[in-house]
Amino acid sequence: MIGNVQENDVFLSADRYYVIKLNNFALLSPSATGLDGFIHRLMAHNELFPDDAYVIMGFAYNSIGEPCVVIKQPFIEPLRYATDEEIEYFLEERGVKDIIR
């Protein structure tokens, strides 16, 4: 495992081409309930970030025994991390506002 955050256990594939995430739905908003809300969130991500798109692989249990969905996406080694200002500008240019505050 290369990471464990609030909603994902994160693994790097053996070939280093993908990260595999076991997502426990912890960050779904109250209005985005269940699997439908999760799928809509992935679809929005894939539309905004097609080079970093998610693929649903299946279902499993995470490291603490919670049911989760298994997703993968390309592993991208960052040259540097984006600043908060760069992220805000990128999202505003695409019509997304006030989602992280």
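Which helix is Phe38 found in? Hold that thought while we look at the whole chain.

**Figure 1. The whole chain, from start to end.** This is a predicted model. Its chain has two helices and five strands. Walk along the sequence and you meet the pattern β-β-β-α-β-β-α. There are 101 residues in the chain, and 25% of them count as buried. Now look at contacts between residues at least 6 apart in sequence: 40% of these join residues at least 24 apart.

**Figure 2. Phe38 in its helix.** Back to our opening puzzle: Phe38 is found in helix H1, and H1 covers residues 34-48. Is Phe38 buried or exposed? With a relative accessible area of 1%, Phe38 is buried, because the cut-off for buried is under 20%. Leave out the neighbours within four places in sequence, and Phe38 is in contact with Asn23, Phe25, Leu28, Val69 and Ile71. Val69 is a nice one to pick out here: Phe38 and Val69 sit 31 residues apart in sequence, and their C-alpha atoms are 9.5 Å apart in space.

**Figure 3. The hairpin made by S4 and S5.** Strand S4 takes in residues 55-61, while S5 spans residues 67-74. The two run antiparallel, with six bridges joining them. Together S4 and S5 form a hairpin, and five residues lie between them. Gly65 is in the turn, where it has a positive phi of about 80°. Two pairs are worth finding by eye. Tyr61 has Pro67 in S5 as its bridge partner, and Ala60 stands opposite Cys68 in S5.

**Figure 4. Ala60 and its surroundings.** Zoom in on Ala60, which lies in strand S4. Its relative accessibility is 29%, so Ala60 counts as partly exposed, the class between 20% and 50%. Which residues does Ala60 touch, not counting those up to four places away in sequence? They are Glu66, Pro67, Cys68 and Val70. Leu22 is another residue to look for: 38 residues separate Ala60 and Leu22 along the chain, and their C-alpha atoms are separated by 7.5 Å.

**Figure 5. S5 paired with S3.** Strand S5 turns up again in this view, with S3 as its antiparallel partner. How many bridges join S3 to S5? The count is six. To find your way, start from Lys21, which stands opposite Ile71 in S5. Ile71 may ring a bell, since it is among the residues in contact with Phe38.

**Figure 6. Asn24 and its polar contact.** Asn24 has its place in the loop between S3 and H1. Its relative accessible area is 18%, so Asn24 is buried, falling under the 20% cut-off. Look for the side chain of Glu66: a polar contact of 3.0 Å joins it to the side chain of Asn24. Not counting residues up to four places away in sequence, Asn24 touches Gln6, Glu7, Asn62, Glu66, Pro67 and Cys68.

**Figure 7. Arg16 and its positive phi.** Here we are in the loop between S2 and S3, where Arg16 lies. What is special about the phi of Arg16? Its value is near 65°, which is positive in a residue other than glycine. Most residues other than glycine have a negative phi. Arg16 is also partly exposed, with a relative accessible area of 47%.

**Figure 8. The largest pocket and its lining.** About 1400 Å³ of space lies in this pocket. It is lined by 35 residues, and the closest to its centre are His45, Phe49, Asp52, Tyr54 and Gln73. Which elements each supply at least two residues of the lining? The list runs S2 (8-12), S3 (18-23), H1 (34-48), S5 (67-74) and H2 (84-93). H1 provides the largest share, with six residues. Sort the lining by class and you get 24 nonpolar, four polar and seven charged residues.

How values were computed. Residues are numbered from 1 along each chain as its sequence is written. This is a predicted model: local features need pLDDT of at least 70, side-chain atom pairs count only at pLDDT 80 or more; totals for chains, interfaces and linings use all residues. Side-chain values use heavy atoms; hydrogens and water are left out. On a 1 Å grid over the protein atoms alone, a cavity is a set of points where a 1.4 Å probe fits but cannot get out, and a pocket is an open set with protein on both sides within 12 Å along at least five of seven lines; lining residues have an atom within 4 Å of a point. Grid points are joined across faces, edges and corners, and a volume is the space filled by probe spheres set on the points. Helices (H or I, at least four residues) and strands (E, at least two) are DSSP runs, numbered from the N terminus. Ala, Val, Leu, Ile, Met, Phe, Trp, Tyr, Cys and Pro count as nonpolar, Asp, Glu, Lys and Arg as charged, and the others, Gly among them, as polar. Two strands pair if DSSP finds at least two bridges between them. Buried means under 20% relative accessible area, exposed over 50%, partly exposed in between (1.4 Å probe, protein chains only). A polar contact is a pair of N or O atoms within 3.5 Å; within protein, one must be able to donate a hydrogen and the other to accept it, and residues adjacent in sequence count only if both atoms are side-chain atoms. Contact means heavy atoms within 4.5 Å.
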